[in-house]
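User: Please take a close look at one short helix in this protein. I would like to know how it sits against its surroundings, and then how that fits into the rest of the chain.

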Amino acid sequence: MSVATLLTPATSAEPDGRRAGLVARADERSYVRVLVVLDTTILIIALLIGYVARFGDDEPTGSEIPYVLVAPGLVLAWLISLKALGCYDDRVIGYGADEYRRVSSASLRLAGAIAIIGYIADVGVSRGFLGISFAVGTVGLEVARFAARKRLHRARSLGAGWSRKVLVVGDTAHVLELVHTLRREPYAGYQVVGACIPDALLAPVAQRLGDVPVVGSFRGIPEAATAIGADTVAVTASGELTATRLRRLGWQLEGTGIDLVVAPALTDVAGPRIHTRPVAGLPLIHVEAPEFRGVRKLVKGFVDRSVSSLALAVLLPLIAFIALAIKVDSRGPVLFRQVRVGRGGQEFGVFKFRTMVVNADALLAELTARNETDGLMFKMRHDPRVTRVGRLLRKWSLDELPQLVNVLLGQMSLVGPRPPLPSEVARYDGDVARRLLVKPGMTGLWQVSGRSDLSWEDGIRLDLYYVENWSLAADLTILWKTFGAVLNGRGAY
């Protein structure tokens, strides 16, 4: 597609940017106030729990310090600690794990400081009271932040809620790519409100880059950002944006309240693999190679087998009940075994509860034209081959419970890419084939991000992201999110 077809005249006047910016900042301040109120409430409750758990209905003995004064002072000190470590910074709240890390760090540092001061000054505050209060308070703060974030994400996905207003700066192709990336996850809170492109692409009339208004060139980026109410300037790749011009742009934005972020041509690489090292005044980005073997892999395998064996033992009554329901509902075997491709291209038989009629494969040719997904998979929202019990099993993902056996046998992992069919693998190109560098999983980023509602391209992107950036912490997060995805049932058919 040429630049001429991408750049189209604007058909309507843009809304008042300054007013939109003021509304966005008011929404941000309102969200921060909600967090402060939530945190204060949680801390008061935590201190009450700590007091009751330690002293019950009795008055504290052996201490001259009145706890009625200790509690407010501790709440105030805790809030100051949260503020000092940037727990209310708009650059970390609402998205990413850094917000949770800062909350935990602020709580632990305050607890350590109080312990040291109490020991040195020989303050007679009960250690049990402090220990229980800090434990309950830290967990409560994290849970409250999680609940507030989920509410914010839902609002953002509906086009409401506080979001950062972004002016994207760069060449046409890179601007479109960054816009697509930011819009792919609207809950992250980056709303593109305009774009600045090189002077050579500007036309005498107002233009749009796709559906993004072009509000200026590289010569007037700060003025354009102010005019449309942007609070963030995101710079992507462009031959005209030299290091000198980028440095001057940073100077021009000083004191305006507008943040400058640089989006390098480096996508789908997780933070732990990225390290910035200044060399001769130049910030070089070092990207570590993905890890496909070593101690972490051994630990992952041990966790997989341990959890799968325990889950099979606990879920045995449920598995027996599902087997009986399948047998009563329709003729045929209880289990369905299908050949899939695992790590290194090795084929294995994946186990599932049968959710279709026995001649489902023979009927597939008649339904190919009704495929509702792109790419190499076949998906139908109302597939006539699915049985009555099968629909319920698929809705709650219970048909995949027998895959715990595959995990126990070492053929699959609890978390990983979707296990592909041999017919799909036969049509893989070099990039997609990297999915086979790790074991396939019972769940993964594809499942917690929409499952069958995802396009083929997005499913592959998520699988490749996991392959390149997997970690034990990420696995735990995905497992936690899987429960929510299963209960929600979105994309399950």
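Analyst: Start with the cover over helix α12. Among the elements that lie over its buried residues are α10 (316-329) and β11 (347-353). Keep in mind that this is a predicted model.

Now the helix itself. α12 spans residues 388-395, and its buried residues are Val389, Gly390, Leu393 and Arg394. Why do they count as being on the same side of α12? They span an arc of only 135 degrees around the axis, so they share one side of the helix. The opposite face, turned away from the buried side, carries Arg388 and Leu392, which are exposed.

Next, the two ends. At the N-terminal end, Thr387 acts as the cap of α12. One of its side-chain oxygens lies 3.0 Å from the backbone nitrogen of Gly390. Gly390 is also one of the buried residues of the helix. Just after α12 comes Ser397, with a positive phi of about 60 degrees. Ser397 takes that phi although it is not a glycine. Its place is in the loop between α12 and α13 (403-408). Is Ser397 buried or exposed? Ser397 has a relative accessibility of 12%, under the 20% limit, so it counts as buried.

One residue of α12 leads further into the protein. Val389 is buried in the helix, and Val389 also belongs to a core of 24 residues. Other members of that core include Ala311, Ile326 and Leu445. The UniProt entry, which is unreviewed, annotates residues 306-326 as a transmembrane region. In the model, that span is 95% helix and 0% strand. Its end C-alpha atoms are 28 Å apart.

The 24-residue core lies apart from another one. The largest nonpolar core has 30 residues. Which of them touch the most other members? They are Tyr31, Trp78, Leu82, Ile93, Phe129 and Leu141. Four helices each supply at least two residues of this core: α2 (17-55), α3 (67-84), α4 (98-121) and α5 (127-157). Take Trp78. Leaving out neighbours within four places in sequence, its contacts are Leu43, Ser107, Leu110, Ser133, Phe134, Gly137, Thr138 and Leu141.

The same UniProt entry also lists residues 34-53, 65-85, 106-123 and 129-148 as transmembrane regions. Residues 129-148 are 100% helix and 0% strand in the model, with end C-alpha atoms 28 Å apart.

There is a charged residue to check in α4 as well. Glu99 is found in that helix. Its relative accessible area is 1%, so Glu99 is buried. Its side chain makes a polar contact of 2.6 Å with the side chain of Arg149. Beyond residues up to four places away in sequence, Glu99 touches Leu35, Val92, Ile93, Gly94, Arg145 and Arg149. Ile93 is also among the residues of the largest core that touch the most other members.

Last, the whole chain. It has 17 helices and 13 strands. Of its 493 residues, 41% are buried. Among contacts between residues at least 6 apart in sequence, 72% join residues at least 24 apart. The accessible surface comes to about 26,800 Å², and 62% of it belongs to carbon and sulfur atoms.

How values were computed. Residues are numbered from 1 along each chain as its sequence is written. This is a predicted model: local features need pLDDT of at least 70, side-chain atom pairs count only at pLDDT 80 or more; totals for chains, interfaces and linings use all residues. Side-chain values use heavy atoms; hydrogens and water are left out. Buried means under 20% relative accessible area, exposed over 50%, partly exposed in between (1.4 Å probe, protein chains only). Contact means heavy atoms within 4.5 Å. Accessible areas come from the Shrake-Rupley method with a 1.4 Å probe; for residues, only the protein chains shown count as cover. A nonpolar core is a set of buried Ala, Val, Leu, Ile, Met, Phe, Trp, Tyr and Cys residues joined through side-chain atoms within 4.5 Å. UniProt positions are given in the numbering used here, feature names are shortened, and annotations may be inferred rather than shown by experiment. The arc is that of the directions from the helix axis to the C-beta atoms. A polar contact is a pair of N or O atoms within 3.5 Å; within protein, one must be able to donate a hydrogen and the other to accept it, and residues adjacent in sequence count only if both atoms are side-chain atoms.
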